[in-house]
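Colleague: Got a minute to walk me through this one? I'd like to start with the packing.
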Amino acid sequence: MMVIHPEQARTLAAIVTHGSFEAAASHLSVTASAVSQRVRALEATVGRPVLKRTRPVELTESGQAVVRFARQLHMLSADLAEELQPGATHSGVRLTLVINSDSLHTWALPGLAAVADKVQLEILREDQDYSLELLRSGAAAAAITATAKAAPGCSSRRLGTMRYLPVCSPDFAARWFADGTTAATLAAAPVIVFDRKDDLQDRYLRGVSRKVLQPPRHYVPAAHEFGEAIRWGMGWGLLPEIEVRDELKRRRLVPLDPAAHVDVPLHWQQWRHGSAALDEVAAAIQAAARPLR
């Protein structure tokens with residue numbers, strides 16, 4: 001049976017975290033030569049490379065599995081310390097989570113706040129369609145993702161559905177959509193897009209026209225400012241229904257089409273062999289997600 005030495009696994013994780021063999025050596029208080037020896041020994045055990053020696057280094061699939069093991073071991077060690085010395089002061093488990101901007105902006109923070117005194121959190125912001133890569137690489141212990149199928153070594157639970165509505169300011173609607181929302185008016189009216197990974201607006205446009213529409217675009221890569229750009233009349237865009245319900249009632253925002261929407265399913269994926277702290281965060285996230293459809 002293959003036996004991965006924890007020290008070697010932790011060394012690989014340190015290389016990835018700090019970006020180089022030299023930085024990992026400094027963090028571990030060993031020489032760069034010792035770091036290289038541990039990696040070579042690890043690769044001899046695994047029987048294949050665990051990283052690509054580029055700058056910065058990149059993990060192979062085998063390396064990703066080893067880094068997940070190292071970080072899971074760290075979480076389990078914290079659980080054991082708490083069990084052996086309940087109530088004692090421990091350094092606290094550190095968890096890295098991947099959460100998309102809209103979830104963070106609208107519903108996820110109350111759930112995270114509920115466990116913030118028990119775990120130290122690092123939140124990486126990534127689009128729900130791309131977050132799994134950080135989970136696979138071992139960079140994060142859990143992620144909110146649009147993918148239902150569990151990543152290798154992970155479990156998947158459905159959170160609900162984020163419904164997005166195409167909206168704009170009343171003045172913008174009067175200027176650009178006086179003749180209605182058609183393929184022609186949508187091709188001319190400026191649109192707000194979060195970043196170049198954001199496909200929501202184009203997904204809506206594809207539902208309106210079989211032709212590829214390329215309206216003028218403004219990229220605003222921050223959830224609050226994205227919404228503000230729409231409210232200030234810079235363009236139209238899709239915002240979460242749970243964010244704009246009241247504004248639609250007050251007519252501060254108006255829908256491009258009252259019947260139109262784009263639904264994005266959300267799932268919580270986490271390392272299957274996690275820890276009590278990770279399970280507690282998962283439960284808090286699921287509770288916070290109840291307002292979703």
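Modeller: Sure. By contact I mean heavy atoms within 4.5 Å. Keep in mind that this is a predicted model.

Colleague: Fine. Which residues of helix H11 are buried?
Modeller: Glu-241, Glu-243, Val-244 and Glu-247 are buried in H11, which runs over residues 241-249.

Colleague: Why do they end up on the same side of H11?
Modeller: Because they cover an arc of only 135 degrees around the axis.

Colleague: And what do the buried residues of H11 pack against?
Modeller: Two helices, H5 (101-114) and H10 (223-231), plus two strands, E6 (154-168) and E9 (237-240).

Colleague: What happens just after H11?
Modeller: Arg-251 takes a positive phi there, about 65 degrees.

Colleague: Switching to charges. How many salt bridges does the structure hold?
Modeller: It holds 14. One of them pairs Glu-43 with Arg-53, with the closest N and O atoms 3.2 Å apart. Glu-43 sits in helix H3 (residues 32-46), while Arg-53 is in the loop between strands E1 (51-52) and E2 (58-59).

Colleague: Is Glu-43 buried or exposed?
Modeller: Buried, because its relative accessibility is 15% and the cut-off is under 20%.

Colleague: What about Arg-136 and Glu-133?
Modeller: Their side chains meet in a salt bridge, 3.8 Å from N to O. They are three residues apart in helix H6 (residues 132-136), so about one helical turn separates them.

Colleague: And Asp-199, which residue does its side chain meet in a salt bridge?
Modeller: Arg-206, at 2.8 Å, N to O. Arg-206 is exposed at 51% relative accessible area; Asp-199 is partly exposed at 28%.

Colleague: Which residues do shared salt-bridge partners join into one network?
Modeller: Glu-228, Arg-231, Glu-243, Glu-247 and Arg-252. Glu-243 and Glu-247 came up earlier as buried residues of H11.

Notes:
Residues numbered from 1 in each chain as written. Predicted model: local features only at pLDDT ≥ 70, side-chain atom pairs only at ≥ 80, totals over all residues. Heavy atoms only, no water. Buried < 20%, exposed > 50% of the residue type's maximum accessible area, 1.4 Å probe, protein only. Helix = DSSP H or I, 4+ residues; strand = E, 2+ residues; numbered from the N terminus. Arc of directions from axis to C-beta. Salt bridge = Lys/Arg side-chain N within 4 Å of Asp/Glu carboxyl O.
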